[in-house]
Amino acid sequence: MKEICLMGGTFDPVHFGHLVVAEEVRQRFHLDKVVFIPAGKPPHKTDKVILDAQHRVNMIRLAIASNPYFEISTIEVERRGLSYTVDTIEQLRRSFQVESIYFITGADAILEILTWKDVERLLSMAYLIAATRPGYDLNNLEETLKSLPTPFMKRILPLEVPALAISSSDIRKRVREGKSIKYLLPESVEGYIYHNNIYVAK
Ligand code: NAP
């Protein structure tokens with residue numbers, strides 16, 4: 001195993017946007033596999049209500065079942081405390097014995113990169129791919145990256161993904177409002193959401 005991609009996010013819920021990004025990056029960088037890593041306790045969301053990790057894990061398992069290159073790791077949901085990306089990368093780098101790691105997440109999350117734990121160590125271990133929605137203004141991200149030393153700045157790569165017009169927050173809202181979520185995520189995940197009464201108004 002030489003190069004892998006880690007797909008970090010809350011995945012509340014996983015949707016076609018995430019799956020398209022993962023497949024696109026895998027192909028573009030000729031990576032051996034993509035490992036989805038649902039966040040346990042995201043450091044910047046300690047005050048937000050997030051769906052129970054077991055449901056988020058079950059939905060990812062359903063979503064990735066048909067792609068032999070996709071896997072899931074539950075290390076962040078099993079680890080105690082906050083889910084710092086640098087700890088995850090360190091741990092997975094050792095267990096997969098890889099040369100290069102690409103860590104994909106949303107550009108909005110990467111905008112906060114300067115507040116992440118041990119950011120320079122993180123960037124010395126991995127490339128970060130900042131997935132953006134169509135029409136996303138890259139100026140803010142470029143401004144943020146200027147604060148990093150050049151070698152680290154170059155380790156963050158923006159990638160526009162048309163399918164990211166889909167968003168988890170929109171899917172949650174649509175379910176709450178009784179609107180259709182068909183064609184936004186895999187049918188198996190849609191069925192799981194309805195079967196378990198997830199995201200319906202309480
Ligand atoms: P978020 O605030 O829920 O998401 C920010 C934006 O990025 C949303 O628009 C989201 O869209 C999108 N997004 C999230 N994951 C994505 C992915 N894998 N591919 C494409 N778009 C994605 O961010 P989050 O999910 O909680 O955090 C993102 C990752 O950064 C997690 O792995 C988290 O642990 C890590 N993080 C680490 C630190 C740290 O180490 N200190 C701090 C903050 C975040 P959707 O809602 O549609 O997914």
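The expected span of a helix is 1.5 Å times one less than its number of residues. Keep that in mind for helix α4; what you have in front of you is a predicted model.

Helix α4 covers residues 85-96, twelve residues, so by that rule it should span 16 Å. The C-alpha atoms at its two ends are 16 Å apart, which agrees. After the helix comes Gln97, which has a positive phi, near 50°.

Now, which residues of α4 are buried? They are Thr85, Val86, Thr88, Ile89, Glu90 and Leu92. An α-helix has 3.6 residues a turn, so residues three or four places apart point the same way. The cover over the buried residues of α4 includes strands β1 (3-9), β2 (33-38) and β4 (100-106), along with helices α3 (75-78) and α6 (119-125).

Thr85 takes us to the ligand. A backbone N or O atom of Thr85 lies 2.9 Å from an oxygen atom of the ligand. Two histidines also make polar contacts through their side chains: a polar atom of His15 is 2.8 Å from a ligand oxygen, and one of His18 is 2.7 Å from a ligand oxygen. On its own the ligand has 870 Å² of accessible area, and the protein covers 90% of that.

What about the rest of the shell? There are 26 residues around the ligand, and those that come nearest are Thr10, His18, Lys45, Arg133 and Ser168. By type, the shell has twelve polar, ten nonpolar and four charged residues. β1, β4 and α5 (107-110) each supply at least two of its residues. β4 gives the most, with four.

Conventions:
Residues are numbered from 1 along each chain as its sequence is written. This is a predicted model: local features need pLDDT of at least 70, side-chain atom pairs count only at pLDDT 80 or more; totals for chains, interfaces and linings use all residues. Side-chain values use heavy atoms; hydrogens and water are left out. Buried means under 20% relative accessible area, exposed over 50%, partly exposed in between (1.4 Å probe, protein chains only). Contact means heavy atoms within 4.5 Å. A residue is near a molecule or strand if one of its heavy atoms lies within 4 Å of it. A polar contact is a pair of N or O atoms within 3.5 Å; within protein, one must be able to donate a hydrogen and the other to accept it, and residues adjacent in sequence count only if both atoms are side-chain atoms. Accessible areas come from the Shrake-Rupley method with a 1.4 Å probe; for residues, only the protein chains shown count as cover. Ala, Val, Leu, Ile, Met, Phe, Trp, Tyr, Cys and Pro count as nonpolar, Asp, Glu, Lys and Arg as charged, and the others, Gly among them, as polar.
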